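Welcome! Here is a short tour of one protein model, written for someone new to reading structures. Keep the picture beside you as you go.

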Amino acid sequence: MMLAMEQAVEVATLDENSLDKWQDKWTAIGLSTEPVDRKLAEAAIGTAYRVADLDAPRRIVWCGSPFSLGLTRSIILDEYFLECTAEAVWRNVKTADGTRIKDEIVDGIAGTMRLVDGIQIRKKLQESVKCTIRATMTTRHLTRMNEPAKSSVCASVWDNVWDAIWTSVWDKMWSGMESGIRIALRKQTKRELDNAIMNSLASHVGGSVKQKLWEYPMEKSWADVRDSIGSQARVQVFDRLWSELRVRIWDNVAKPIGERIKATASDSHVASAYGQHDAYWLAFYDYMREARGLAGQTERLRGLLDVAKSVGWFTPHANLCWVCERPNLLRIDKFGRLDALDGPALSYPDGFSIYARSEALQAQGGL
C-alpha cells in the first residue's frame with residue numbers, strides 16, 4: 001500500500017489550457033470528415049494487431065460506411081450464406097441462361113477443353129452464381145431491417161456491400177467450388193460441393209479478435225494509469241475528456257449509426273471497434289501518454305490511437321479486417337447534435353445517410 005502511494009503522482013492542479021487543447025484535438029478527430037489515407041490507415045491497423053500480439057490480418061477490405069461494414073460481415077457469417085452459395089452453384093452448373101452446361105463445366109474444370117473455352121465457362125458460371133447469391137441474401141437481410149435502417153440504405157450501399165463481400169471471400173469460395181463441382185457432378189450429390197465450399201472458407205476469415213485488440217488493452221491500460229497517477233487528477237482529466245467527449249462523439253454521432261447497424265447486422269456493431277469514434281475515451285489515454293509521460297502504461301493502446309487518427313470503424317478478425325471510410329458529411333447544431341433541414345445530417349461515401357433534426361429546433365417548430 002505504501003509503495004503504491006509513493007509511486008502515485010499527485011497533481012494538485014491541472015493545466016486548463018492543456019486540457020482544452022486535448023479536447024479540441026480529439027473532438028476534431030472524432031468528427032473528422034476528411035478523406036482517409038488508406039495506406040496510412042492500413043499501417044495503423046497493422047500496428048494495432050502487432051501491439052496486441054496478433055499477426056497482421058492477411059486481408060484488409062474497405063467498405064464505404066459503418067453500415068456497409070456491418071452488413072458485409074453479417075452476410076458472410078450468416079450460416080445461410082454458405083448454403084445459398086452451394087445451392088446457387090448446383091442450380092447453375094446444371095442450367096445457366098437456359099442452356100445445359102453440366103458436361104461443359106465438367107470438361108472445362110477438368111482441363112480437357114481449350115483454355116479459352118474454360119475461361120468462358122468459368123466466367124459464365126461465376127456471373128450466374130453471384131447474381132443468384134446477391135438476390136437471395138439481399139432479400140433475406142432486407143426483411144430483417146426496421147424502417148429507420150431501410151431509410152438509410154440506397155442502391156449504392158448495396159453495391160458497396162457486395163463489392164466488399166466478393167473482395168473478402170470470392171476467391172476462396174471459387175477455389176472451393178472448383179474442387180467440389182467435379183466430384184459433386186460425377187457423384188450427383190451436392191454434399192461434396194457443400195463441404196468443399198465450407199472448408200475453403202473455414203479458416204479464411206478467422207474468429208473475432210476485438211477482445212484482445214480493443215477490450216483487453218483498454219482494461220489493462222486503465223489499471224496501469226490508475227496505479228500511476230492520483231485519483232484527483234485522474235478524475236479531473238476523465239471528466240474533461242472522456243465524459244464530455246462521449247456526448248459529442250458517441251452519443252450524438254456514433255450511437256445513431258450503431259442503432260441502424262443493430263437493426264440488420266446481428267452482432268456486427270458489437271464486434272466492431274470504432275476508429276475515430278473511439279476518440280472520446282482515447283483522448284484520456286493520449287493525454288496521460290503525452291502530457292503526463294505515462295507512455296509505458298498506455299503502450300497497449302498505441303495502435304488504437306493511430307487507427308483513430310486515420311480511419312472510421314473497423315471490424316477485426318484473425319485473418320481478415322473490414323474497415324470503413326470516415327463520413328463525408330456531418331452537420332450538427334451548436335450542441336453537437338445531428339441536425340439538417342435540407343438533406344442528410346450524416347452521410348458516408350457509399351451513400352449511407354441519416355436524416356435528423358435536433359430536439360431544440362423541433363421544440364421551436366422547425367420541422
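## A hairpin and its sheet

Let us begin with a turn in the chain: S2 and S3 are joined by a hairpin of 3 residues. This is a predicted model, so keep that in mind as you read. The two strands of the hairpin run antiparallel, and 3 bridges link S2 to S3. To find one spot in this pairing, look for Phe-314, which stands opposite Val-323 in S3.

Now widen the view. The hairpin strands belong to an open sheet of 3 strands, with the order S1-S3-S2 and mixed pairing. At the edges are strand S1 (59–63) and strand S2 (314–316), each of which pairs on one side only. From one strand to the next, the twist averages 15°. S1 pairs with strand S3 (residues 320–324) in the parallel sense, over 5 bridges. Here you can look for Ile-60, which stands opposite Cys-321 in S3. Helix H3 (residues 38–51) packs on this sheet and touches S1, S2 and S3. The direction of H3 makes about 130° with that of S1.

## Strand S3 under cover

How many residues of S3 are buried? The count is 5 of the 5, so S3 is largely enclosed by the rest of the structure.

It helps to recall a general pattern: in a regular strand, side chains alternate between the two faces of the sheet. In S3, Leu-320, Trp-322 and Cys-324 lie on one side, while Cys-321 and Val-323 lie on the other. These residues are all buried, and both faces of S3 are covered.

## Helix H2 and its two faces

Next comes a helix you can check with a little arithmetic. Helix H2 (residues 16–30) has 15 residues, and at 1.5 Å a residue it should span 21 Å. The C-alpha atoms at its ends are 21 Å apart, which agrees.

Which residues of H2 are buried? They are Ser-18, Leu-19, Trp-22, Gln-23, Trp-26, Thr-27, Ile-29 and Gly-30. These buried residues cover an arc of only 165° around the axis, which means that they are on the same side of H2. The face turned away from that buried side carries Asn-17, Lys-21 and Asp-24, which are exposed. Among the elements covering the buried residues of H2 are helix H12 (231–262), helix H14 (279–290) and helix H15 (302–308).

Leu-19 makes a good example, with its place in helix H2. Its relative accessibility is 1%, so Leu-19 counts as buried. Leu-19 and Gln-236 are 217 residues apart along the chain, and their C-alpha atoms are separated by 9.8 Å.

## A look at the cysteines

How many disulfides does a search of the whole structure find? The result is 0 disulfides.

Two cysteines show different surroundings, judged by how much of each is accessible. Cys-84 has a relative accessible area of 5%, so this residue is buried. Cys-131, at 55% relative accessibility, counts as exposed. The cut-offs behind these words are simple: buried means under 20% relative accessible area, and exposed means over 50%.

Note on methods: Residues are numbered from 1 along each chain as its sequence is written. This is a predicted model: local features need pLDDT of at least 70, side-chain atom pairs count only at pLDDT 80 or more; totals for chains, interfaces and linings use all residues. Side-chain values use heavy atoms; hydrogens and water are left out. Two strands pair if DSSP finds at least two bridges between them. Helices (H or I, at least four residues) and strands (E, at least two) are DSSP runs, numbered from the N terminus. Axes are lines fitted to C-alpha atoms, for helices over the stretch in contact, and angles run from 0 to 180 degrees between N-to-C directions. Contact means heavy atoms within 4.5 Å. The expected span of a helix is 1.5 Å times one less than its number of residues. Buried means under 20% relative accessible area, exposed over 50%, partly exposed in between (1.4 Å probe, protein chains only). The arc is that of the directions from the helix axis to the C-beta atoms. A disulfide is a pair of cysteine sulfur atoms within 2.5 Å.
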